[in-house]
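Hi,

Here is the structure I promised to pass on. Have a look at it first, and my notes follow underneath.

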Amino acid sequence: MKLFKRTLFAAAALAVMGCAADTAGTASTAKAAASEADKELMSAAQGVFKPLPTFEEMQKVRQVTPEQIKLGQALFYDPRLSADQQQSCNTCHNLATYGVDNQSFSKGVAGGFGGRNAPSVLNSSLFVAQFWDGRAKDVEEQAGGPMLNPAEMAMPNEAAVEEVLRLIPGYKAMFDAAFPGQQQSITFQNATAAIGAFERTLLTPTRFDSYLRGDASALTAAEKAGLKKFMDVGCTACHMGTGLGGEGYFKFGLVQGPYWKFTGSKKPDDGRFEVTKSEDDKNVFRSPGLRNVARTYPYFHDGSVWDLEKAVDIMGQAQLGAKMSADDVKSITAFLNALTGDVPEAARTMPILPAAGPRTPHPEHHK
Ligand code: HEC
Ligand code: HEC
């Protein structure tokens with residue numbers, strides 16, 4: 001980073017000197033300096049961020065089959081995995097709205113609200129762990145949570161989920177194809193593995209990925225300025241890598257706190273403390289990834305802030321102890337807007353779900 005700053009400074013100084021010496025050469029010298037700065041910026045960015053993995057690279061992390069992905073997609077959209085048969089994963093992680101419901105808190109089956117904002121399922125398979133407090137190790141483990149969570153899909157237990165699936169006739173062939181050679185392929189574990197396989201396809205490439213692969217023209221000048229600001233002020237300490245976040249745990253309110261002074265949150269959240277019971281983990285959260293962040297409002301673990309510029313301003317103060325100028329906040333936000341990608345069309349197309357059979361259980365109604 002130091003080297004990067006020094007070179008930029010030298011380039012700027014050269015441009016100034018060129019200007020004083022002869023006006024005729026100014027334009028070309030400035031241009032050369034600008035393209036030198038451009039190159040420096042790209043290589044600095046390549047040192048901190050990574051483009052999205054290809055399908056082949058993803059397969060190396062975890063081998064999944066087309067049949068598992070297809071089954072997982074059906075399960076993701078199937079409301080029969082919830083106690084009232086009205087709520088699917090897609091209800092709260094709507095793929096038409098970038099994998100979120102754009103609400104501070106989501107309404108579960110029983111009508112109650114959970115205490116945390118629904119993060120996007122897009123690109124989340126890349127993160128070091130799942131949930132705001134990292135309590136599930138990967139998307140496969142995570143997928144079991146919401147079905148049994150009383151504040152979400154509220155199924156009484158794993159066996160109840162299996163029973164519903166076993167009594168929807170069309171699922172048998174789909175599970176057999178996804179998990180061949182198993183006597184009883186319809187299990188809770190296979191269902192969560194299939195959902196995980198589907199979630200691993202939810203990657204959203206952007207112009208920023210083209211930029212990281214070497215296409216300097218993929219970002220506008222304003223977006224590059226924002227990228228540079230993002231790195232210079234130190235956002236990259238916690239938002240780096242492929243996901244621009246999701247790689248570690250940090251206290252919200254690290255430099256200036258408590259965080260609710262900035263967010264106006266009504267109910268403080270202990271965060272990772274609930275998992276580890278260690279005092280050091282009070283108000284610690286896994287940093288969220290920033291891909292598609294312009295579309296995944298409201299922000300923070302409790303959806304307390306709706307405006308992206310405000311969220312950026314809060315980050316500067318709470319995490320870096322710096323009150324940024326309005327221009328800097330706008331500039332960083334311009335860069336964040338370039339992180340909105342393409343949700344794969346196949347994934348956001350709702351599949352036709354297998355029909356209920358005569359013995360498919362009817363929904364349990366809650367008061
Ligand atoms: C009632 C709304 C609701 C439903 C239905 C729901 N979720 Fe979630 N989901 C949430 C909330 C809220 C969180 C955050 C909870 C937390 O961190 O404590 C979450 C977190 C996640 C995460 C973690 C993402 C990250 O960045 O860590 C994934 C992945 C996920 N859900 C997938 C699913 C899948 C798969 C299903 C269906 C089996 C599902 N969800 C059903 C609300 C919902
Ligand atoms: C010390 C680590 C750290 C630094 C530095 C940091 N962040 Fe964050 N960021 C986090 C954590 C942790 C959260 C989640 C806080 C919460 O909701 O509890 C977060 C949340 C966010 C969010 C909200 C995302 C969402 O989906 O809700 C945005 C936007 C964001 N950061 C942008 C930035 C920007 C821009 C900078 C630089 C000005 C920055 N962050 C610096 C750790 C950090």
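C238 touches G245, G248, F250, S287 and Q319, leaving aside residues up to four places away in sequence; a contact here means C-beta atoms, placed from the backbone, within 7 Å. This is a predicted model, where local features need pLDDT of at least 70, side-chain atom pairs count only at pLDDT 80 or more, and totals for chains, interfaces and linings use all residues. Residues are numbered from 1 along each chain as its sequence is written, with chains lettered from A and ligands numbered from 1 in the order in which they are written.

Back to C238: you'll find C238 in the loop between α11 and β1 (249–251) (helices are DSSP runs of H or I, at least four residues, and strands are E runs of at least two, numbered from the N terminus). C238 counts as buried because it has 20 C-beta neighbours inside 10 Å; the cut-offs are 20 or more other C-beta atoms within 10 Å for buried, 12 or fewer for exposed, and partly exposed in between. Y249 is eleven residues further along from C238 in sequence, and their C-alpha atoms are 8.3 Å apart.

C238 also turns up at ligand 2. The shell there has 26 residues, and the closest are C235, C238, F300, M315 and Q319 (a residue is near a molecule if its C-beta atom, placed from the backbone, lies within 6 Å of it). α14 provides the largest share of that shell, six residues, and α11 is another element that supplies at least two. By class, the shell holds 19 nonpolar, seven polar and no charged residues. For the classes, Ala, Val, Leu, Ile, Met, Phe, Trp, Tyr, Cys and Pro are nonpolar, Asp, Glu, Lys and Arg are charged, and the others, Gly among them, are polar.

Around ligand 1 there are 25 residues, with C89, C92, S106, F131 and P146 coming nearest. α5 (89–92) and α6 (139–148) are the elements that give two or more residues to this shell, and α6 has the largest share, with five. The split is 14 nonpolar, nine polar and two charged.

Now the cores, meaning sets of buried Ala, Val, Leu, Ile, Met, Phe, Trp, Tyr and Cys residues joined through C-beta atoms within 7 Å. The largest has 36 residues, and L227 and A311 touch the most other members. α14 gives the most to this core, six residues. L227 touches L41, A45, L219 and F335, again not counting residues up to four places away in sequence. A second, separate core has 32 residues, including L71, C89, A178 and A194.

Cheers

Methods: Two residues are in contact if their C-beta atoms, placed from the backbone, lie within 7 Å.
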